[in-house]
Each structure stands twice: as C-alpha cells, then as structure tokens.
Amino acid sequence: MEPPVDEDLLRELRSRAKKQIRARMRALRTSIPTAALAERSARLIDRLLAEPLIREARSVASFWPLIERHEVDLRPLDAELRRRGVRLYYPFQDPTVTGFRTGFRLSEREGDVIMRSGRFAEPPPDAPEAARGDVDVVLVPALAVAATGHRIGYGAGYYDATLGDVCPPARAIVVAYDFQLLAEVPAEPHDVPVQLVVTDARVLPVETEPS
C-alpha cells in the first residue's frame, strides 16, 4: 500500500519550482540583446497576424510591454489591429478594501494606455469594461510556457483570476519568445491553461482532454 500523498508538500515543491523557473527565465531574457528581442517580437507578431483567431477577431485584449523587463513587444500589433478597426482592450487592476478588482478596459485611442497602478500600463479608469462576449481573443504574457498551455507569470495570479471572466467565449493565446517554451511547467489546480501558444518560431495548439 502506497503512503498517502502529502498535498501541502506538493504545493510547496511546486511553489519552489516556479520561483526557480521565474529567476532563471528572467535572467535569460535579460541576457539577450534588445535588438535580438525586437527581431523575435516582429516575427512573433507576423505569426499572430497570420493566425485565424486574430484575423477573424473583432476585439482583442492585449498587454502593453514592460520594456524594462524585456517582454514581447506587441506595440506594432496594437497599431496594425487599430488600422484594421479591431477593438482593443487592456488589463486593469483597481484597488479595493480587500485587495484588487481585475478585468479589461477598452483602449479607444493610441496613447491612452499608460502606467497608472505601478504594475502595468492600463487604459483610463473611466473607459468601458469588457463583459463576457465583448472580447474574442486574449493575448497573455509569460515568463515560461509549456505545450500544455500552462504558463508561469510573475506570480501575482492576474490572468488566472481574470481569464475566467471572458473565456469562454474568448480564446486565450500565450505569446512568448521561443526560448521561454519549456517541456513542462509546474501547474496548480487554480492555474488556467490557454488554447494556443505562439512564439517567434512556432504555433502550438493546445490539446485539451475531452470532458
């Protein structure tokens, strides 16, 4: 008879593994020259624009890059989607008595997505908020991602808390540099997988288990 699984120990081990991966991937991303990352971002955007989910989208929730953290730079994608008439939403995080309220707000014009909360760039606080059905695609950043659709972010759990508000019907796509793609990442029960992984080198549809 096998001994019972210590769930608390498993959670602690997964937490430690995630911290180690975050540290390693931050260091790796920082070590790559800015010009090389810009080229990778451009190739990634080309792949996104070729994806049917993006080509057919009427509205996309994107993210403004934290350049100092060497994130994928989606600003040229923002400009192209606006040119096509696609509605663009960006994440927000409003403080509450018990913590934060999260979601996506409409960016109605170029330049209205700026640093407001200190964590990431947001649209104006009075911009319309996305309700379920308003967003077709959500683009999700990552420090690391696996072909299973599970990702590791900065540890705040923003997208785990927010994706369920719009997905489904929205589809979630992780965008990351190809060197951030790992064979496996530790996943907790509350971690929300995405439906597609797009890097500068490949597109990986995520296979979901039948319900």
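Reader: How much space lies in the second largest pocket?
Author: First, this is a predicted model, where local features need pLDDT of at least 70, side-chain atom pairs count only at pLDDT 80 or more, and totals for chains, interfaces and linings use all residues. A pocket is an open set of points on a 1 Å grid over the protein atoms alone, where a 1.4 Å probe fits, with protein on both sides within 12 Å along at least five of seven lines. Grid points are joined across faces, edges and corners, and a volume is the space filled by probe spheres set on them. For the second largest pocket, that volume is about 150 Å³.

Reader: Which class has the most residues in the lining of the second largest pocket?
Author: A lining residue has an atom within 4 Å of a point, and here the list is Thr34, Leu37, Ala38, Ser41, Ile67, His70, Glu71, Asp73 and Tyr177. For the classes, Ala, Val, Leu, Ile, Met, Phe, Trp, Tyr, Cys and Pro are nonpolar, Asp, Glu, Lys and Arg are charged, and the others, Gly among them, are polar. Two lining residues are charged, three are polar and four are nonpolar. So the class you're after, with four residues, is nonpolar.

Reader: And what volume does the largest cavity have?
Author: In a cavity the probe fits but cannot get out. The count comes to one cavity of 30 Å³ or more. Its lining is Arg29, Phe63, Glu71, Val72, Pro141, Ala142, Val175, Ala176 and Gln180, which divide into six nonpolar, one polar and two charged. The space inside the largest cavity is about 30 Å³.

Reader: Which element of the protein chain has the highest mean pLDDT?
Author: pLDDT is the predictor's confidence in each residue, from 0 to 100, and the chain's mean is 85, with 86% of its residues at 70 or more. Elements are DSSP runs numbered from the N terminus: helices (H or I, at least four residues) and strands (E, at least two). Helix 1 (residues 7–31) is at the bottom with a mean of 77. At the top, with 96, is strand 1 (residues 59–61).

Reader: Why is strand 9 largely enclosed by the rest of the structure?
Author: Look at how much of each residue is accessible: buried means under 20% relative accessible area, exposed over 50%, and partly exposed in between (1.4 Å probe, protein chains only). Strand 9 covers residues 171–175. It is largely enclosed because, of its five residues, the number buried is four.

Reader: What is the bridge partner of Val174 in strand 11?
Author: Two strands pair if DSSP finds at least two bridges between them. Strand 9 has four bridges to strand 6 (residues 137–140), running parallel, and in that pairing Val137 partners Arg171. Strand 9 also runs parallel to strand 11 (residues 196–198), with three bridges. There, the partner of Val174 is Val197.

Reader: Which strands stand at the edges of the open sheet 8-7-10?
Author: This sheet has three strands in the order 8-7-10, with mixed pairing. Strand 7 (residues 144–146) runs parallel to strand 10, with two bridges, and Ala146 stands opposite Leu182. An edge strand has a single partner strand, so one side is left without a neighbour in the sheet; that fits strand 8 (151–152) and strand 10.

Reader: How far apart in sequence are the parts that Arg43 and Asp200 tie together?
Author: A salt bridge is a side-chain nitrogen of Lys or Arg within 4 Å of a carboxyl oxygen of Asp or Glu, and Arg43 and Asp200 form one with their closest N and O atoms 3.7 Å apart. Arg43 sits in helix 2 (residues 34–50), and Asp200 in the loop between strand 11 and strand 12 (203–205), so the pair ties together parts far along the chain, 157 residues apart. Arg43 is partly exposed at 40%, whereas Asp200 is buried at 4%. The sequence separation you asked for is 157 residues.

Reader: Is Asp178, which meets Arg202 in a salt bridge, buried or exposed?
Author: Residues are numbered from 1 along each chain as its sequence is written, and side-chain values use heavy atoms, with hydrogens and water left out. The N to O distance between Asp178 and Arg202 is 2.7 Å. Arg202 is partly exposed at 36%. Asp178 has a relative accessible area of 14%, so it counts as buried.
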